[in-house]
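Subject: Structure handover and findings

Dear colleague,

Please find the structure below for your records. My notes on its salt bridges and strands follow.

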Amino acid sequence: MYAKCGRIMDARSVFDTMSDQDVVSWNSIISAYSMHGLGAEALKIFETMRKTNISPNHLTFVAVLSACSNTGSLYQGQSYFTSMKEDFGIEPCMEHYTCMVSLLGRLGHFDMAVKMIEEIPDVPSVMVWRALLGACVMRNNVELGIFAAEHVLEIEPKDESTYVLLSNIYANAKRWDNVAVVRKNMKKKRVKKEPGLSWVENQGKVHYFAVGDDSHQDMKLIRGMMECLNLKSKSVGGYAPNLNAILLDVEEDEKSRLLWLHSERIALAFALVRMPSGSPIRIMKNLRICADCHVALKFVSKLVKRQIVIRDVNRFHHFHDGICSCNDYW
């Protein structure tokens, strides 16, 4: 519970004070550290577990391989994948293959990732193809990304996230005609893109913010704070907007403006206006944080001297003094 709420140290304290640490509790703490972008610590905990009389199970290795994927630990991931079979007699399941495809693909080893998929004894699941697609988006591998997206849509024809990722691949490649085709297909099949949404709790009340939201009663204060953060990040911190994060065919000035309308920045500005000075800020988000917001929040965390925790659709990001717990690999 603590880990899911962004409080990883509280989760660790509970684990350390447990009188009976069974395989479930070990799996939970390893998964928690992996989910918080602290893969190296997750692997250290696993090595500590190996020194006990608790045997890891298939869920343990899902957490371990996920930690390797989240940190780009290629050789450790390959070693654990082999050890799982040879030392513990655990046959890989689809979740293990998904972690390995993600690990290999995100590091750019696409030939190895495809070979891994071909070695799966059963029909690859939608999770596997999504992992490959996500890696292709990260590495701008257009053709393989299209191939992966086609497989996902064969299994789940109305998977909106796949259409969005496919559109993003084309947009990154400036293939605007293909972007238009994807959006036309989405409309034809009545597939709607999920809008970006962030929320933050303050004094027992949850405040929700959508992209470009101006409905909150504190909107004047929020706009003022965002403008202040934008100016200070540029003049003091050296922040330069990553316009490639806006996948629209519009002018650069408009892209720069749109970046500061992302829901997590609005939620952050609200928290800075309304929450007590110095207190940690925890924001939840329904989509993956964009590359520019990630950079901007690092600058802001240093400027305001606050710990900022963002939980996006994939994992937690802990921003403090200009650094993120994911080490810019997510």
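In these notes, a residue is called buried under 20% relative accessible area, exposed over 50%, and partly exposed in between, using a 1.4 Å probe and protein chains only. This is a predicted model, in which local features need pLDDT of at least 70 and side-chain atom pairs count only at pLDDT 80 or more, while totals for chains, interfaces and linings use all residues. Residues are numbered from 1 along each chain as its sequence is written, and side-chain values use heavy atoms, with hydrogens and water left out.

Salt bridges

A salt bridge is counted where a side-chain nitrogen of Lys or Arg lies within 4 Å of a carboxyl oxygen of Asp or Glu. By this rule there are 12 salt bridges. Helices (H or I, at least four residues) and strands (E, at least two) are DSSP runs, numbered from the N terminus.

One of the salt bridges links E47 and R50, whose closest N and O atoms are 3.7 Å apart. Both residues belong to helix α3 (residues 39–50) and are separated by 3 residues, about one turn of the helix. E47 is partly exposed, at 30% relative accessibility, and R50 is also partly exposed, at 36%.

A second pair is E156 and R130, with an N to O distance of 2.7 Å. E156 is in the loop between α9 (142–155) and α10 (160–172) and R130 is in helix α8 (residues 126–139), so this salt bridge ties together parts that are 26 residues apart in sequence. E156 is partly exposed at 30%, and R130 is partly exposed at 30%.

A third pair is K298 and D328, at 2.9 Å between the closest N and O atoms. K298 lies in helix α15 (residues 291–304) and D328 in the segment after β6 (323–324), so the pair connects parts 30 residues apart in sequence. K298 is buried, at 16% relative accessibility, whereas D328 is partly exposed, at 42%. Separately, R12, D16 and E41 are joined into one network by salt bridges that share partners.

Strands

Two strands are taken to pair if DSSP finds at least two bridges between them. Strand β3 (residues 281–285) pairs with strand β4 (residues 308–311) in the parallel sense over 4 bridges, and R282 stands opposite V309 in β4. Strand β4 also pairs with strand β5 (residues 316–320), in the antiparallel sense over 4 bridges. Here I310 stands opposite H317 in β5, and a hairpin of 4 residues joins β4 to β5.

Yours sincerely
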